[in-house]
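Please look at the sequence and the fold shown here before reading on. The report then takes up a few parts of the structure in turn.

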Amino acid sequence: MSTELGKLYLVPTPIGNLADMTYRAVHVLKDVDLILAEDTRTSGFLLKHYEIGTPAQSFHAHNEHKKVGEIIERLKSGTNIAQISDAGTPGISDPGFLLVREALANEIEVESLPGPTAFVPALIKSGFPCERFVYEGFLPHKKGRQTRIEAWKEEKRTIVFYESPHRLIKALEQCKEILGDRNVSVSRELTKKFEETVTGSFDELLTHFGNKSIKGEFVIVLEGNK
Ligand code: SAM
């Protein structure tokens with residue numbers, strides 16, 4: 001007799017504003033048997049807010065390779081599992097890819113719910129063309145950083161990437177040096193109290209952000225090569 005397989009759900013969570021949780025995300029997280037969270041303490045706040053009592057286990061970049069086999073076995077034996085990250089959409093510069101790949105290889109059904117992610121509102125708010133764009137995740141910190149930016153010289157599509165607050169100025173300076181004259185848009189703290197989007201030349205943005213202490217979360221959007 002064959003056991004029915006469980007299902008894997010990838011569930012986006014808010015990137016700042018708790019009200020951005022979708023009704024479906026809440027229902028799925030309440031209905032599954034297990035939630036895999038990057039950090040169970042961080043997600044605990046969200047789960048409590050939406051009265052989600054489903055058991056949660058940690059599943060993050062440092063243990064996903066070790067745990068993936070055991071998770072697949074649970075899915076195969078009928079357990080329905082949802083993966084969430086600290087914020088935004090799992091798999092977008094967050095764990096997600098590995099489990100999805102293994103689930104599909106084991107013929108387990110995967111559902112990816114639409115929902116919050118940081119690069120989409122930043123792209124839209126830039127005012128740059130968004131019919132075609134490239135998402136570059138995080139730039140490498142050291143090795144390969146320059147090469148990655150150099151590869152954008154001929155890129156005609158709008159380019160979107162994530163950067164930590166302490167590398168924002170460095171990223172703007174390097175892009176200016178390598179790419180020359182281009183418009184850039186920086187979105188900070190999207191959906192939160194101190195949300196701001198500043199768009200202009202590299203020099204304008206360097207002046208804007210260079211004059212204060214840089215805090216928060218950032219998305220950088222570059223105009224493509226015209
Ligand atoms: N999975 C997330 C998503 O779907 O956007 C991305 C997770 S990644 C580890 C975290 C990075 O996303 C931050 O360093 C920042 O670049 C960007 N980010 C997340 N929340 C943001 C927000 N509220 N405003 C601006 N950028 C944000």
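What follows describes one helix, two nonpolar cores and the surroundings of a ligand, in a model that is predicted.

## Helix α2 and its two sides

Helix α2 covers residues 40-49, and among these Ser43, Leu46 and Leu47 are buried. When the helix is viewed down its axis, the buried residues fall within an arc of 100 degrees, so they line one face of α2. The face turned away from this buried side carries Arg41, Phe45 and Lys48, which are exposed. The cover over the buried residues of α2 includes two elements written as α1 (23-31) and β2 (34-37), together with β3 (56-58) and β4 (81-84).

The surroundings of the helix ends can be described as well. At the N-terminal end, Asp39 acts as a cap, with a side-chain oxygen that lies 2.8 Å from the backbone nitrogen of Arg41. After α2 comes Glu51, a residue whose phi is positive, near 50 degrees.

## The nonpolar cores

Which residues have the most contacts inside the largest nonpolar core? They are Trp152, Phe161, Leu172, Cys175, Val186, Ile220 and Leu222, in a core that has 22 residues. Several elements contribute to this core, since at least two residues each are supplied by β7 (158-163), α7 (168-179), β8 (183-188), α8 (202-210) and β10 (218-222). Of the elements, α7 gives the most, with six residues.

Ile220 can serve as an example of how such a residue is surrounded: leaving aside residues up to four places away in sequence, Ile220 touches Ile159, Val160, Phe161, Glu163, Leu168, Ala171, Val184, Ser185 and Val186. There is also a second core, separate from this one, which consists of 17 residues and includes Val32, Ala37, Ile52 and Leu113.

## The ligand and its surroundings

How many residues surround the ligand, and which are the closest? The ligand is surrounded by 18 residues, and the closest are Ile92, Asp94, Thr117, Tyr162 and Phe218.

Some polar atoms of the ligand can be paired with atoms of the protein. A polar backbone atom of Leu190 is 2.9 Å from a nitrogen atom of the ligand, while an N or O atom in the side chain of Glu217 is 3.3 Å from a nitrogen atom of the ligand. An oxygen atom of the ligand, in turn, has a backbone N or O atom of Phe218 at 2.6 Å. Taken alone, the ligand exposes 570 Å², and the protein buries 90% of that area.

Conventions: Residues are numbered from 1 along each chain as its sequence is written. This is a predicted model: local features need pLDDT of at least 70, side-chain atom pairs count only at pLDDT 80 or more; totals for chains, interfaces and linings use all residues. Side-chain values use heavy atoms; hydrogens and water are left out. Buried means under 20% relative accessible area, exposed over 50%, partly exposed in between (1.4 Å probe, protein chains only). Helices (H or I, at least four residues) and strands (E, at least two) are DSSP runs, numbered from the N terminus. The arc is that of the directions from the helix axis to the C-beta atoms. Contact means heavy atoms within 4.5 Å. A polar contact is a pair of N or O atoms within 3.5 Å; within protein, one must be able to donate a hydrogen and the other to accept it, and residues adjacent in sequence count only if both atoms are side-chain atoms. A nonpolar core is a set of buried Ala, Val, Leu, Ile, Met, Phe, Trp, Tyr and Cys residues joined through side-chain atoms within 4.5 Å. A residue is near a molecule or strand if one of its heavy atoms lies within 4 Å of it. Accessible areas come from the Shrake-Rupley method with a 1.4 Å probe; for residues, only the protein chains shown count as cover.
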